[in-house]
Amino acid sequence: MANLSHPSEFVLLGFSCLGKLALLHGPFLMLYLLAFLGNAVIIIMVMADTHLHTPMYFFLGNFSLLEILVTMTAVPRMLSDLLATHRVISFTGCMVQLYFYFSLGSTSFLVLSDMALDRFVAICHPLRYGTLMSWAVCAQVADWAAPFLTMVPTVLSRAHLSYCHGNVINHFFCDNAPLLQLSCSDTSLLEFWDFVMALAFVLGSFLVTLISCGYIVTTVLRIPSASGRRKAFSTCGSHLTLVFIGYSSTIFLYVRPGKAHSVELNKAVALVTSVLTPCLNPFILTLRNETFKAVLWGQVRRLKGLHKALPQAQGTPRGSVP
């Protein structure tokens, strides 16, 4: 018999309250594939085209990679559970999922603030852009180490809690709040630590983004030409949309002390951030970006040209002059 204070596995309830879960599999799978393909296209374009080898697109590529990795930690498991009758995850698997989901998620918010700083320097200090946003500086500010290191004590503390309130997690992945609700240990210190980490990574990066955007707006309003203002606002508009969607849902979910949460509402918001938002982000980031669209259509035309040239090359007899 398993030790109830340290279960060998957890049961994920997911969306069992909705009834026929298999009907949800198709739409969620389509959204997941769209998110994966959209972000993968951004990464490939940034790596393949020299026109996009700039700090702005370096951060954009980092963000797209993080979007893919974050969704991979939770969504594939959720999709398989929608078709399964026995939805369990091992204790170790739960801890690993918790670690990577929050480490990658925290890193994505730091990269969002890096993108805001990059636009701030480009618009407010254009003559110093090359110096302030050198590749050495970009590599330092886009460092992924801090969130991954700070999540180690968080996960280790969860691994040593006593779980005497059962092993059923009312969520579709191993989220922090539903996991703490199963513990009979005193978790007040852990909740305070979580709140401090949320303030540091989420609200801290949000303030950096907000201040940067404030300076950008005041600088743009001083631009005399209307076309210049439109171009500057177009560059920042997609980023501001992304910031609003990402930060509003995450602040609602995690920047709240205590574990008194509306579980069903939290699951719905977490589903939006895990499935819908990563699907929309590639379109938000690229639809108003003229440089990226030009590069993308250029690559599409190049592939079409190669496709047309291939049958002609195959039809040319060997040794003949075309």
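How many Å² does the protein chain expose, and what share of that do carbon and sulfur atoms supply? Turn on a surface for the whole chain: it exposes about 16500 Å², with 71% supplied by carbon and sulfur atoms. Keep in mind as you go that this is a predicted model.

**Stop 1: the whole chain**

Switch to cartoon and colour by secondary structure. You should find 11 helices and three strands. Walking from the N terminus, the order of elements is β-α-α-β-α-α-α-α-β-α-α-α-α-α, which puts a run of five helices at the end. The chain has 322 residues, and 46% of them count as buried. If you draw contacts with a separation of 6 or more, 80% of them join residues 24 or more positions apart.

**Stop 2: helix 2 against helix 10**

Next, select residues 55–83 (helix 2) and residues 263–286 (helix 10). Their axes lie 9 Å apart, and the packing angle is about 150°. Since angles over 145 degrees count as roughly antiparallel, that makes helix 2 roughly antiparallel to helix 10. The crossing here is left-handed.

Now show side chains. On the helix 2 side, pick L60, F63, E67, T71, V75 and M78. Across from them, helix 10 brings L271, S274, V275, T277, P278, N281 and L285. Coloured by class, this contact shows eight nonpolar, four polar and one charged residues.

**Stop 3: helix 3 against helix 6**

Hide those and select residues 91–124 for helix 3, then residues 145–159 for helix 6. The two axes come within 9 Å and cross at roughly 150°. That makes helix 3 roughly antiparallel to helix 6. Which hand does the crossing of helix 3 and helix 6 have? This one is right-handed, whereas helix 2 passes helix 10 in a left-handed crossing.

For the side chains, helix 3 offers F91, M95, L98, Y99, F100, F102, S103, L104, S106, T107 and L110. Helix 6 meets them with P147, F148, M151, V152, V155, R158 and A159. By class, the contact divides into 14 nonpolar, three polar and one charged.

**Stop 4: D118**

Stay on helix 3 and centre on D118, which sits in that helix. Is D118 buried or exposed? With a relative accessible area of 1%, D118 is buried. Buried means under 20%, so 1% qualifies D118.

What is D118 in contact with, leaving aside its neighbours within four places in sequence? Select P55, M56, F59, Y129 and M133 to see the contacts. Of these, P55, M56 and F59 fall within residues 55–83, the helix 2 you picked at the second stop.

Definitions and conventions: Residues numbered from 1 in each chain as written. Predicted model: local features only at pLDDT ≥ 70, side-chain atom pairs only at ≥ 80, totals over all residues. Heavy atoms only, no water. Helix = DSSP H or I, 4+ residues; strand = E, 2+ residues; numbered from the N terminus. Buried < 20%, exposed > 50% of the residue type's maximum accessible area, 1.4 Å probe, protein only. Contact = heavy atoms within 4.5 Å. Areas by Shrake-Rupley, 256 points an atom, 1.4 Å probe, with all protein chains shown as cover. Axes fitted to C-alpha atoms, helices over the stretch in contact; angles between N-to-C directions. Parallel < 35°, antiparallel > 145°, perpendicular 65-115°, else oblique. Left-handed = near helix turned anticlockwise from the far one by under 90°. Nonpolar A, V, L, I, M, F, W, Y, C, P; charged D, E, K, R; others polar.
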